[in-house]
Amino acid sequence: MSKEIHHFKTISQYHAFRGLSGSAHPLISVLRIENITELRDDEPTQMIHDFYMVALKKNVNATMQYGQREYDFNKGKMLFVAPNQVYSIQAKNKLTHSGWLLMVHPDFFWNTTLGKKIKHYDYFDYAVSEALFLSEKEERSIVSILQTIEEEYHSNIDQFSKPVIVSQIETLLNYSDRFYHRQFITREKENHQILTRLEKILTNYFNRENLSEEGLPSVSSIAYSLNVSPNYLSGLLSVLTGKSTQQHIHEKLIEKAKEKLSISKKSISEIAYELGFEYSQSFSKLFKLKTGQTPSEFKKFYN
């Protein structure tokens with residue numbers, strides 16, 4: 001394997017690298033994954049490209065790695081890679097996968113509403129382990145859209161081609177958004193485990209004695225502890241609890257603050273410092289926002 005990061009600037013470069021025939025359009029390509037039969041002897045340990053990639057995959061005997069994390073590439077059926085995300089693929093044997101691969105360069109969306117909107121689809125920042133699971137009916141819907149896109153850009157290009165294709169891509173992305181929200185609800189066991197672990201992580205964190213040194217936990221650090229991306233965790237919590245990750249952190253913080261205020265003889269400033277706040281004013285402001293009382297008012301009831 002090559003240790004250098006391989007940078008694909010164009011879709012044509014990706015086709016050539018994988019030994020595929022040239023793309024019918026320089027800015028968009030739909031291909032069958034089974035046409036990529038094996039990884040190269042000089043397969044890069046890291047890859048990056050300047051275009052969006054959406055994969056619908058089955059029977060994959062490979063692993064995919066984002067950063068330092070390695071995941072089973074078979075988890076879920078769809079995954080989404082945005083431009084400039086670093087990843088790699090490893091496989092020991094000849095590839096057995098099948099499915100579809102859609103690649104679209106951002107320039108294809110120039111002067112369209114999707115050009116601005118596409119950056120707001122959170123799942124382009126999800127990790128591979130958070131791939132989208134599909135029912136057979138959902139899979140048929142996605143495949144039908146991919147086939148329509150493929151047929152359209154292989155037909156004679158005219159003034160209607162781009163709007164039709166962009167419309168189909170937006171439909172695919174909107175369906176994917178819907179299916180992810182469904183996944184947050186229907187994958188009850190996995191999601192319940194994440195919520196349980198979140199509660200345990202936050203409880204353990206605020207029970208530490210050195211909060212003054214570590215400060216308040218960040219959304220990113222909590223997500224990392226749960227082995228999910230911050231956006232995925234935020235989406236999951238929003239659907240299941242109606243609250244963001246930050247709100248969950250604040251709730252656990254206020255719970256711990258109330259405990260300290262009710263039993264400690266220490267000053268508000270000392271308690272704020274123990275809870276990880278650099279300035280007591282910030283603690284007081286947050287406490288009143290969440291409880292309707294200042295820390296001093298709350299403390300008076302117990303001291």
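1. Start with lysine 252: its relative accessibility is 7%, so this residue counts as buried, the cut-off being under 20%. Keep in mind while looking at it that this is a predicted model.

2. What does lysine 252 form a salt bridge with? The partner is glutamate 199, and the closest N and O atoms are 2.4 Å apart. This pair ties together distant parts of the chain: lysine 252 sits in helix H9 (residues 245-263) and glutamate 199 in helix H5 (residues 188-206), 53 residues apart. Glutamate 199 itself is partly exposed, with a relative accessible area of 41%. So one partner counts as buried, while the other is partly exposed.

3. A couple of other salt bridges are worth a click. Arginine 187 and glutamate 190 meet through their side chains at 3.3 Å, N to O, and glutamate 190 counts as partly exposed because its relative accessibility is 32%. Lysine 266 pairs with glutamate 274 at 2.2 Å, N to O. Lysine 266 is also on the partly exposed list, at 37% relative accessibility. Then there is a network: Lys58, Lys77 and Glu139 are joined by salt bridges that share partners. In total, the structure holds 14 salt bridges. As background, side chains of opposite charge can pair when their charged atoms come close.

4. Now for strand E2, residues 28-32. Why is E2 described as largely enclosed by the rest of the structure? Because 4 of its 5 residues are buried. E2 runs antiparallel to strand E9 (residues 98-104), and 5 bridges join the two. If you want one pair to find on screen, take leucine 31, whose bridge partner in E9 is leucine 101.

5. E9 turns up again when you look at the empty space inside. The count is 3 cavities of 30 Å³ or more, and the second largest holds about 50 Å³ of space. Which residues line the second largest cavity? They are Tyr52, Val54, Leu102, Val104, Phe109, Ile118, Phe124, Ile169 and Leu173. Strand E4 (52-58), E9 and helix H4 (161-186) are the elements that give two or more residues to this lining.

6. A last word on the chemistry of that lining: how many of its residues are nonpolar, polar or charged? The split is 9 nonpolar, no polar and no charged. Elsewhere, E9 is also the strand that pairs with E2, so when you view E2, which is largely enclosed by the rest of the structure, keep E9 in the picture too.

How values were computed. Residues are numbered from 1 along each chain as its sequence is written. This is a predicted model: local features need pLDDT of at least 70, side-chain atom pairs count only at pLDDT 80 or more; totals for chains, interfaces and linings use all residues. Side-chain values use heavy atoms; hydrogens and water are left out. Buried means under 20% relative accessible area, exposed over 50%, partly exposed in between (1.4 Å probe, protein chains only). Two strands pair if DSSP finds at least two bridges between them. On a 1 Å grid over the protein atoms alone, a cavity is a set of points where a 1.4 Å probe fits but cannot get out, and a pocket is an open set with protein on both sides within 12 Å along at least five of seven lines; lining residues have an atom within 4 Å of a point. Grid points are joined across faces, edges and corners, and a volume is the space filled by probe spheres set on the points. Ala, Val, Leu, Ile, Met, Phe, Trp, Tyr, Cys and Pro count as nonpolar, Asp, Glu, Lys and Arg as charged, and the others, Gly among them, as polar. A salt bridge is a side-chain nitrogen of Lys or Arg within 4 Å of a carboxyl oxygen of Asp or Glu.
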